[in-house]
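Me: Hi! I have a structure open and would like some help finding my way around it. Could we chat it through?

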Amino acid sequence: MTFISVDREKCNQDGICSSECPARIIVMDPKDGYPIPTSDFKDYCIKCGHCVSVCPTDALRLEWLVPEKCPAMKKEMAVTPEQAEQFLCGRRSIRTFKEKKVPKDILEKLLQVACSAPSAKNQQPWHWIVIQDAAEVRKIAGMVIDAMRMVIQADPQTAMTMGFQRAVASWDQGYDRICRGAPHLIVAHADKNWVFGPEDTALALSLLDLYATSLGLGACWAGYVYKTVNAYPPLVEALGLPVDHLAFGAMMIGYPKFKYRRIPMRNRPRVAWHPSRPLEN
Ligand SMILES: Cc1cc2nc3c(=O)[nH]c(=O)nc-3n(C[C@H](O)[C@H](O)[C@H](O)COP(=O)(O)O)c2cc1C
């Protein structure tokens, strides 16, 4: 079985595919200098596609990935550092939404971009539950409130630390602190035994958050939701969460009612530089 194929007319034998392979399973054949898979290629390939997408001459193909399937990076679309800084630092958690649905194709696009996040071993372990309707989101928020009421009864001190009493009091006064009246809620879940589940899903949601901002949408982590889901079977059932999965993140999505005009201050990096003295040349 040939796992990689090389177009010898195009390959310039630069060895970039071999250098960039994270699993080190592409080597340059000492006989003729063209890339070949190692004998354990199949066991260790993480299907990241780096070898195909880094090749400057489109010479390398995998059984499952060809260069033509990988969109070309366009130089003219590169963001400047100034644009990136304003965009990244200007992103805000949005908590006041217009009463307007986000079209399904846009929600789909959000998820597609989210799925290009880094993930440990390129496992891409995330699954998604999308609540498409404000009334349904409110129902989920109400169930979180039900669970909070139970914790307040059983363990008022822990409930206090988590801010449950305030959330419940707000709910009883007609304000939803759980999902903030968002028209949509996206829950990210993954196999409960995948050790990098929390990191992988958080990274995907972070890309989703940023991409939503670029589309003029607003997003906010729904921490109370996903922390409650895993401990409250009625919510597991209502969301249809598979039994062997855990919810690792949730995000409210909608159109922001207000525009942020400035970037608020954040703490400066708390950093220890090692070595602490400047290196001698
Ligand atoms: C893991 C996590 C959980 C969060 N949960 C909530 C939440 O349940 N409700 C909420 O209004 N904001 C929630 N947030 C948003 C934070 O409060 C917000 O990121 C922080 O105040 C900084 O504001 P910024 O995102 O606009 O910079 C959460 C953020 C993170 C990262």
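Reply: Happy to help, and we can talk about the ligand and then the pockets.

Reply: One thing to keep in mind is that this is a predicted model.

Me: Good to know! How many residues surround the ligand?

Reply: The ligand has 13 residues around it. The closest are R92, S93, R95, G223 and R266.

Me: What does S93 do there, in terms of distance to the ligand?

Reply: S93 has a polar side-chain atom 2.5 Å from an oxygen atom of the ligand.

Me: And which part of G223 lies 2.8 Å from a ligand oxygen atom?

Reply: For G223 it is a backbone N or O atom. With R266, an N or O atom in the side chain is 2.7 Å from an oxygen atom of the ligand.

Me: Nice. How much of the ligand does the protein bury?

Reply: The protein buries 63% of the 620 Å² that the ligand exposes when taken alone.

Me: Which helix or strand gives the most to the shell around the ligand?

Reply: That would be α10, with three residues. Both β7 (218-221) and α10 (223-229) supply at least two residues of the shell.

Me: What classes of residue are in that shell?

Reply: The shell around the ligand has six nonpolar, two polar and five charged residues.

Me: OK, new topic: pockets. What volume does the largest pocket have?

Reply: The largest pocket comes to about 950 Å³. It is lined by 27 residues, and S53, C70, P71, M73 and S116 are the closest to its centre.

Me: Which elements give two or more residues to that lining?

Reply: Those are α3 (50-54) and α5 (104-114). The most comes from α3, with three residues.

Me: And how does the lining split by class?

Reply: In the largest pocket, the lining has 16 nonpolar, eight polar and three charged residues.

Me: Cool. What about the second largest pocket, what is its volume?

Reply: The second largest pocket has a volume of about 480 Å³. Its lining has 18 residues, with G90, T213, F258, K259 and Y260 nearest the centre.

Me: Which helix has the largest share of that lining?

Reply: Helix α4 (residues 81-90) does, with three residues.

Me: Last one! How many charged residues line the second largest pocket?

Reply: There are six charged residues in the lining of the second largest pocket, along with seven nonpolar and five polar ones.

Me: Thanks, that really helps!

Notes:
Residues are numbered from 1 along each chain as its sequence is written. This is a predicted model: local features need pLDDT of at least 70, side-chain atom pairs count only at pLDDT 80 or more; totals for chains, interfaces and linings use all residues. Side-chain values use heavy atoms; hydrogens and water are left out. A residue is near a molecule or strand if one of its heavy atoms lies within 4 Å of it. A polar contact is a pair of N or O atoms within 3.5 Å; within protein, one must be able to donate a hydrogen and the other to accept it, and residues adjacent in sequence count only if both atoms are side-chain atoms. Accessible areas come from the Shrake-Rupley method with a 1.4 Å probe; for residues, only the protein chains shown count as cover. Helices (H or I, at least four residues) and strands (E, at least two) are DSSP runs, numbered from the N terminus. Ala, Val, Leu, Ile, Met, Phe, Trp, Tyr, Cys and Pro count as nonpolar, Asp, Glu, Lys and Arg as charged, and the others, Gly among them, as polar. On a 1 Å grid over the protein atoms alone, a cavity is a set of points where a 1.4 Å probe fits but cannot get out, and a pocket is an open set with protein on both sides within 12 Å along at least five of seven lines; lining residues have an atom within 4 Å of a point. Grid points are joined across faces, edges and corners, and a volume is the space filled by probe spheres set on the points.
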